[in-house]
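Visitor: Please take me through one part of this model up close. Start with a pair of neighbouring strands, then work outwards from there.

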Amino acid sequence: MRLSNLVILLLGVTLVGPALALDVPLRYAVYPQEMREFHPYGGRNVSMSQVLPKGKWKLPPLAAKIPLYGVVEFGSQKHLLVLDFTNATDKFYSRIFFDVNANGDLTDDPVVEGKSNWQSGGRFAGITFKQAVEIEVSIGDAKVRYSLRPEVNAWFQNGSPDLSKPEYLQNINVFVNTNCSYAGEFDVDGVHYSVELGDTNANGRFDDVVTVRAGMRNGEQLYGEGDSFYLNVDAKNDYENEMSLGDKLVVGEKVFQIRVNTPESKLTLTPITENLASIKIPGKVERLALLDGACKNGIMVFRPGEVVKVPVGDYRVFTYQLLREDKEGDLWRLNARGTKTADVVSAKIDGQAALKLGEPFRPVVKVPEWGRSNIRNGAKEVQISFEIRGMGDEMVSGLARIRGNKSKLPLSAKDSSRPKEPTYKIVKKDGEVAQQGQFEYG
């Protein structure tokens, strides 16, 4: 066959090969001093001690009679944090020394200055810091920029305690909060998406995929550990739009494997086209997060149709979000979280699994077991909880009006974005009303 004829034949053939991965450039951004707009939140507690940790440390002169010390790990490096007074006569801590370059020498790092604030008659104290701390985090062989902001607060039973007495120092809490994020944009099937990544656990990484540890499944709701993922197409994100970072993403008709690479400032979406099964979703869902049978990894689904493609496997509902308009056109948002009592569904190639979630919702009023025990022991008061459960026994975690002001639904007198608090009535066996009132948002 002549070459020209071969070219003509090839022009009429669709060449099939492996689906190409989509690399999404990520922009690193540090938060402004005054955060008036949404920014992904992250933070963790720092365990503090009155004793300097073991190690070769070089410290500047310290003013506090009892400085507090803590070690914070970011990537493969350990950073010493020292909480100190500015002047020996101060009544509360007001500055931090932080080993920015993790070299054990705190004399070559800038002082993180703050201002002490006392409230509630000297029972509550906190520090307002003037600047963030900029460090480099080691991820593999690379170093990436990272910004954190310290937070210090304390609550004392008696006002204005003498902090030269060690027994008061256990009331002081120190946190490091994430002060940066990564954001990007990409197109799939003609739709333009914006994405933002948050370091929820404040460890310097943005690629920690959600896991629900066994110890976090003892309560009713499922709570996971991992970083946050915000996805949108036509509105600004806020905290209620958070999905815990999964290792897969479903948008439109496509399923992607996700890989976050902060050293190269990119998010890679690799199409998954084999061993896919179907799951039917009741109602119209805005956001949905599924966990595998081991309660880890996870699939993030954005605006799915009635049927969504997922890799073959077992799944359970982790979180979801619904948007609904009422009769007057006001827009309401409902967020819900899966529970340990919810069903696990199996997605198989030769069948169609069906998730249980959403309507009909039902109210559930509970007296906790510890409250029942107190009653048996003669207590005169008991705490009663009010929950809203969905069809899959998931628990509603948030319900609010996010657009409009014409709704005729009864609204809370304390917060017009929320429905009116439900009422309760406790009736004795003979019909006498023992107690009545209304629940409060907690």
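Guide: Start at strand β14, residues 228–232, in this predicted model. Two bridges join β14 to β15, and the two strands run antiparallel. To find the register, look at S228: the residue opposite in β15 is S244.

Now widen the view to the sheet around this pair. The sheet is open and has five strands, in the order β2-β12-β13-β14-β15. The pairing is antiparallel. Its edges are β2 (27–30) and β15 (243–244). Each edge strand has a single partner, so one side of each is left without a neighbour in the sheet. Strands of a sheet pair through backbone hydrogen bonds, either parallel or antiparallel. In a regular strand the side chains alternate between the two faces of the sheet.

Stay with β14 for a moment and look at the loop that joins β13 (191–198) to β14. A202 is found in that loop. A202 has a positive phi of about 50°, although it is not a glycine. Most residues other than glycine have a negative phi, and most peptide bonds are trans. Is A202 buried or exposed? A202 counts as buried, because its relative accessibility of 1% falls under the 20% cut-off.

Compare N275, which is found in the loop between β18 (266–271) and β19. N275 is not a glycine, and its phi is positive, at about 55°. N275 is exposed, with a relative accessible area of 52%. The cut-off for exposed is over 50%, so N275 meets it.

From N275, follow the loop into β19, residues 276–280. This strand belongs to an open sheet of three strands, in the order β22-β19-β26. Here the pairing is mixed. The edge strands are β22 (307–311) and β26 (352–354), and each of them pairs on one side only. From one strand to the next, the twist averages 40°. Look at β19 and β26: they pair in the parallel sense, over three bridges. One contact to find is S278, whose bridge partner in β26 is Q352.

Move on past β26. The loop between β26 and β27 (362–366) holds P360. A cis peptide bond joins E359 and P360, with omega at about 0°.

Next, the hairpin of β7 and β8. It has four residues between the strands. Strand β7 covers residues 112–119, and β8 covers residues 124–129. Six bridges join β7 to β8, and they run antiparallel. For the register, find K115: its bridge partner in β8 is T128. In this hairpin, S120 takes a positive phi near 55°. β7 also pairs with β6, residues 95–98. Two bridges join β6 to β7, again in the antiparallel sense. I96 has V112 of β7 as its bridge partner.

Now turn from strands to open space. Rolling a probe the size of a water molecule over the atoms shows where empty space is left. The second largest pocket has a volume of about 440 Å³. Which residues are the closest to its centre? Of the 18 residues that line the pocket, they are R324, W332, L334, L399 and L409. Three strands each supply at least two residues of the lining: β23 (313–325), β24 (331–337) and β29 (395–403). β23 gives the most, with four residues. By class, the lining has eleven nonpolar and seven charged residues, and no polar ones.

A word on cysteines. A search of the whole structure finds zero disulfides. C180 is buried, with a relative accessible area of 0%. C295 is buried too, at 2%.

Last, step back to the whole chain. The chain has two helices and 31 strands. Of its 442 residues, 42% count as buried. Its C-alpha atoms fill a box of roughly 90 × 80 × 40 Å, taken along the principal axes.

Notes:
Residues numbered from 1 in each chain as written. Predicted model: local features only at pLDDT ≥ 70, side-chain atom pairs only at ≥ 80, totals over all residues. Heavy atoms only, no water. Pairing = 2+ DSSP bridges. Disulfide = S-S within 2.5 Å. Buried < 20%, exposed > 50% of the residue type's maximum accessible area, 1.4 Å probe, protein only. 1 Å grid on protein atoms, 1.4 Å probe; cavity = no way out; pocket = protein on both sides within 12 Å on 5 of 7 lines; lining within 4 Å. Points joined across faces, edges and corners; volume = space filled by probe spheres on them. Nonpolar A, V, L, I, M, F, W, Y, C, P; charged D, E, K, R; others polar. Axes fitted to C-alpha atoms, helices over the stretch in contact; angles between N-to-C directions.
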